[in-house]
Each structure stands twice: as C-alpha cells, then as structure tokens.
Amino acid sequence: ITMKEKWRQMLPAILIIGITIITSILLYDKMLDNEKEDCWKILEDSANSVAREIRLNSENSVNTLRLASDTISREWNEGADKVDISFLDKFQENTIFSRIEVSYPGNQTTLGLSFQETAAKGEFMSSRIDDPDTGKQYVCYCVPVKYDEVTVAVLVGVIETDYLQKNIQNI
C-alpha cells in the first residue's frame with residue numbers, strides 16, 4: 001500500500017471528523033444564542049413582574065388614601081365636631097407611604113405649599129422634594145378631604161425614597 005492509497009483510505013474519515021467538528025462548533029454557537037435569548041426573556045419577564053407589582057402597590061396605596069379621605073369626609077358630613085384620624089396609622093401600614101399627614105387650613109404642607117395652594121391642586125403627586133433637615137428625598141401624593149364640596153383638609157401620603165427602595169426590595 002502506497003502513501004497515496006493510505007490517504008485515499010483516510011480521506012473519508014478525515015472529512016467526517018472535519019464535518020463533525022464544524023457542525024459541533026455551529027451547533028454550540030446556536031445553543032449559546034438560544035441560551036442568551038432565554039436568559040433575556042426571563043430577565044424581561046421578571047422586570048415586568050416587578051414593575052406590575054410596584055404599579056399595583058402604588059394604586060392600592062392611592063386607593064387607601066382615597067378611602068381614608070372618604071371616611072373622614074363622611075364623618076364630617078354626619079356632623080362630627082372633631083374627626084378621629086388615629087386610624088390613619090393603621091392605613092399607612094398597608095401602603096407604600098412612609099407616613100400619612102393631614103393638612104388643615106392655615107397650615108403649610110410637607111410640600112412647602114400653603115394649605116390653599118395644595119387644596120387648589122386637587123388630587124396630585126408632587127415631584128421629588130429635598131428635605132432641608134435630613135437631606136433625604138421624598139414625593140407626596142395629596143388627596144383632598146371635602147365637606148359640602150369644600151376642601152376642609154388634605155391627606156398627604158409621604159413616600160421617602162429610601163423607604164420606597166426598602167419596599168421594592170421586599171417584592
């Protein structure tokens with residue numbers, strides 16, 4: 001057997017080995033791409049889930065604040081001389097608010113606005129505010145309390161950004 005004949009006998013095996021190696025590399029690359037795609041999909045789904053949870057928590061918190069406003073308003077409408085607002089602490093525990101404040105005519109709100117300015121805005125969320133005492137940032141969600149269509153108080157749900165961050169980490 002000559003060298004040429006040996007090469008001819010080995011050529012099919014060499015071709016099969018070469019094709020196997022090239023096919024393996026291409027398949028491995030395709031598997032890697034599929035794995036990346038799957039990971040990105042899982043990450044996207046997780047991010048959407050967290051965003052949905054934050055949105056639901058926010059909506060529930062605002063609805064709780066509205067419910068508190070309606071409760072206070074109803075008591076005023078029923079002729080109460082003084083309205084007990086101690087229940088706000090229990091409401092706050094189930095919200096994203098770090099605290100719920102009540103502003104009355106003549107007071108300045110947490111926003112740095114007078115009661116009249118805050119009441120005139122109706123229901124709204126503030127932009128981020130820097131607390132000059134602590135240096136921390138917060139936002140407020142304000143809901144008016146009405147009696148005979150007149151705003152008699154404003155509930156202010158205060159969301160401190162570091163408090164919000166702790167809430168989000170618990171999701």
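Buried means under 20% relative accessible area, exposed means over 50%, and partly exposed lies in between, with a 1.4 Å probe and protein chains only as cover. The structure is a predicted model, in which local features need pLDDT of at least 70, side-chain atom pairs count only at pLDDT 80 or more, and totals for chains, interfaces and linings use all residues. Residues are numbered from 1 along each chain as its sequence is written, and side-chain values use heavy atoms, with hydrogens and water left out.

**Exercise 1. Salt bridges of Arg99**

Task: Find the salt-bridge partners of Arg99, classify the accessibility of each residue, and place Arg99 and Glu160 in the secondary structure.

Solution.

Step 1. A salt bridge is a side-chain nitrogen of Lys or Arg within 4 Å of a carboxyl oxygen of Asp or Glu. The structure holds four of these.

Step 2. Arg99 meets Glu101 in a salt bridge with an N to O distance of 2.6 Å. Arg99 also forms a salt bridge with Glu160, where the closest N and O atoms are 2.7 Å apart.

Step 3. Helices (H or I, at least four residues) and strands (E, at least two) are DSSP runs, numbered from the N terminus. Arg99 belongs to strand β1 (residues 99–103) and Glu160 to strand β5 (residues 150–160), so this pair ties together parts that are 61 residues apart in sequence.

Step 4. Because their salt bridges share partners, Arg99, Glu101 and Glu160 are joined into one network.

Step 5. Arg99 is partly exposed at 29% relative accessibility. Glu101 is partly exposed at 23%, and Glu160 is partly exposed at 24%.

**Exercise 2. A link from helix α1 to a loop**

Task: Describe the salt bridge of Arg66, including its partner, its distance and the parts that it joins.

Solution.

Step 1. The partner is Glu123, and the N to O distance between the two side chains is 2.6 Å.

Step 2. Arg66 sits in helix α1, while Glu123 sits in the loop between α3 and β2 (124–125), so the salt bridge ties together parts that are 57 residues apart in sequence.

Step 3. Arg66 has a relative accessible area of 34% and is partly exposed. Glu123 is partly exposed, also with a relative accessible area of 34%.

**Exercise 3. Strand β4 and its partners**

Task: List strands that pair with β4, with the direction and number of bridges, and state how β4 is covered.

Solution.

Step 1. Two strands pair if DSSP finds at least two bridges between them.

Step 2. β2 and β4 pair in the antiparallel sense over two bridges, and Phe124 stands opposite Cys142 in β4.

Step 3. Strand β3 (residues 129–130) runs antiparallel to β4 and is joined to it by two bridges. Here Asp130 stands opposite Gln137 in β4.

Step 4. β4 and β5 are antiparallel and joined by ten bridges. Val145 stands opposite Ala153 in β5.

Step 5. Strand β4 (residues 137–147) has eight buried residues out of eleven, so it is largely enclosed by the rest of the structure.

Step 6. Cys142 also serves as a reference point for Lys121: the two are 21 residues apart in sequence and 8.8 Å apart in space, C-alpha to C-alpha. Lys121 lies in helix α3 (residues 115–121) and counts as exposed at 51% relative accessibility.

**Exercise 4. Positive phi in the turns**

Task: Identify residues with positive phi in the hairpins that β4 forms, and in the loop between β4 and β5.

Solution.

Step 1. Most residues other than glycine have a negative phi.

Step 2. The hairpin of β3 and β4 has six residues between its strands, and Gly135 in that turn has a positive phi of about 80 degrees.

Step 3. The hairpin of β4 and β5 has two residues between the strands, and Asp148 takes a positive phi near 50 degrees. Asp148 is a residue other than glycine.

Step 4. Glu149, another residue other than glycine, has a positive phi near 65 degrees and lies in the loop between β4 and β5.

Step 5. Asp148 is exposed, with a relative accessible area of 59%. Glu149 is exposed at 70%.
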